[in-house]
Amino acid sequence: MLKGQKLKTIGGVEVALLPMRYLRVTQTIDEDGTTHDGTLNIDLAGRDSGRDDMYAPVSWSVVRNSNTPNHEVIYWSDNKVLWANGTIDYISVRVLHDDVVIDLPVGRNFDQGDVCYQEGNTGDSQGNHIHLCVARGHTTKIIKHASGYRDLDGSVNPSDVFYINDTIVIKDGGLKWGIYVPPIVPPPIIPIKVGDKVFIKTTATTYLSGVKIPQSRKKGGVFAKNPYTIKQDGDTDRYKKNNGYWLLKEINSWVKKTEVERK
Ligand SMILES: [Zn+2]
């Protein structure tokens with residue numbers, strides 16, 4: 001994502017975004033022989049060895065700043081958000097290693113896209129990065145796996161949560177990341193009143209011999225076996241040109257051919 005980026009669905013649900021400009025996973029989930037063995041944690045190291053900012057992937061607040069050597073901070077989303085796998089739910093995110101966290105008191109709120117954390121090298125770290133764990137719902141509970149390593153309770157695969165819109169992928173950690181594509185919204189159906197009747201516009205297929213109109217709504221708008229055929233009435237030019245011809249459909253029943261209106 002970009003700094004300051006905000007993204008919502010048409011219904012107003014925030015879309016969870018990968019919280020950095022560059023995706024470079026230096027240690028991925030369940031990586032054997034590492035501190036992520038048996039966990040769903042990833043290390044995000046940004047563009048290079050420097051300290052990139054992390055942006056709030058959704059609007060959220062600090063719920064824990066534990067002041068441990070790792071500089072652990074946990075955030076809770078303010079609302080239920082859209083995940084990359086289609087889930088709509090709250091998220092909790094635990095991050096480690098920012099060098100300075102004194103500016104992150106419990107209760108501090110961030111809008112989606114605000115700078116909320118930074119890569120660092122504190123605690124159990126070998127080079128600037130952010131250790132990240134994301135879980136379903138609101139939790140601060142830490143669980144310890146058989147491997148000896150820790151996760152937030154209810155942790156999930158980060159690629160199931162974060163879309164990578166506007167993030168530049170350098171190293172994907174072997175995970176399948178998705179891009180949020182807003183659905184195409186059909187144009188609004190505007191009823192038209194003709195005399196006492198109310199119509200909506202629909203399409204028909206034109207042929208050189210005339211216009212075929214679906215006969216019945218029961219056919220779901222598919223042409224019936226014997227559709228009306230409107231004979232050409234001298235205005236042949238229009239019939240030829242307007243494939244995908246507009247006609248008016250009376251609400252609840254198809255119009256008679258005399259009620260067909262040219263575009
Ligand atoms: Zn890590």
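Two strands pair if DSSP finds at least two bridges between them. Keep that in your pocket for the exercises below, which all use a predicted model.

**Exercise 1. Get your bearings: how many helices and strands are there in the protein?**

Solution. Start with the count: the protein has 2 helices and 20 strands. Next, check how much is covered: of the 263 residues, 32% count as buried. Last, look at the contacts with a separation of 6 or more: residues 24 or more positions apart account for 62% of them.

**Exercise 2. Find which strands pair with β11, and in which sense.**

Solution. Step one: locate β11, which takes in residues 130-136. This strand is mostly covered, with 6 of its 7 residues buried.

Step two: take β8, residues 91-96. β8 and β11 are joined by 6 bridges and run antiparallel. Two bridges are what the pairing rule asks for, so β8 and β11 count as a pair with their 6. For a spot to zoom in on, L96 has H131 of β11 as its bridge partner.

Step three: go to β2, residues 42-44. This strand is antiparallel to β11 too, with 3 bridges between them. Here D43 is the residue that stands opposite H131. So H131 turns up twice: opposite D43, and as the partner of L96.

Step four: add β14, residues 155-156. Its pairing with β11 is antiparallel and rests on 2 bridges. Look for V134, whose bridge partner in β14 is V156.

**Exercise 3. Work outward from β5: which residues does V73 stand opposite?**

Solution. First find β5, residues 73-77, where 4 of the 5 residues are buried. Now try β4, residues 60-65: β4 and β5 pair in the antiparallel sense over 5 bridges. In that pairing, V73 stands opposite N65.

Then turn to β8, which is antiparallel to β5 over 4 bridges. There, V73 stands opposite V95. Put the steps together and V73 faces N65 in one pairing and V95 in the other.

A handy thing to know while you look at strands: in a regular strand the side chains alternate between the two faces of the sheet.

**Exercise 4. In the loop between β4 and β5, decide whether N67 and H71 are buried or exposed.**

Solution. Place them both: N67 is in the loop between β4 and β5, and H71 is found in that loop as well. Check the backbone next. N67 is not a glycine, yet has a positive phi of about 60°. H71 is not a glycine either, and its phi is positive at about 55°.

Now count neighbours. N67 has 11 other C-beta atoms within 10 Å, so N67 is exposed. H71 has 22 other C-beta atoms within 10 Å, and therefore H71 is buried.

**Exercise 5. Classify Y22, S61 and E31 by their neighbours, then say what each one touches.**

Solution. You'll need the cut-offs: 20 or more C-beta neighbours within 10 Å makes a residue buried, 12 or fewer makes it exposed, and anything in between is partly exposed.

Begin with Y22, in strand β1, residues 22-27. Y22 is partly exposed because it has 16 C-beta neighbours inside 10 Å. Beyond its neighbours within four places in sequence, Y22 is in contact with G46, R47, D52, T167, I168 and I170. Take a look at V169 while you're there: Y22 and V169 are 147 residues apart along the chain, but their C-alpha atoms are separated by 5.9 Å.

Move on to S61, in β4. Its 16 C-beta neighbours inside 10 Å make S61 partly exposed. Leaving out residues up to four places away, S61 touches Y75, W76, D78, G107, R108 and N109. S61 and P105 are 44 residues apart in sequence, and 9.5 Å lies between their C-alpha atoms.

Finish with E31, in the loop between β1 and β2. E31 has 19 C-beta neighbours inside 10 Å, so E31 counts as partly exposed. Its contacts, again not counting residues up to four places away, are H36 and D37. From E31 to I42 you go 11 residues along the chain, with 9.3 Å between the C-alpha atoms.

Terms used: Residues numbered from 1 in each chain as written. Predicted model: local features only at pLDDT ≥ 70, side-chain atom pairs only at ≥ 80, totals over all residues. Contact = placed C-beta atoms within 7 Å.
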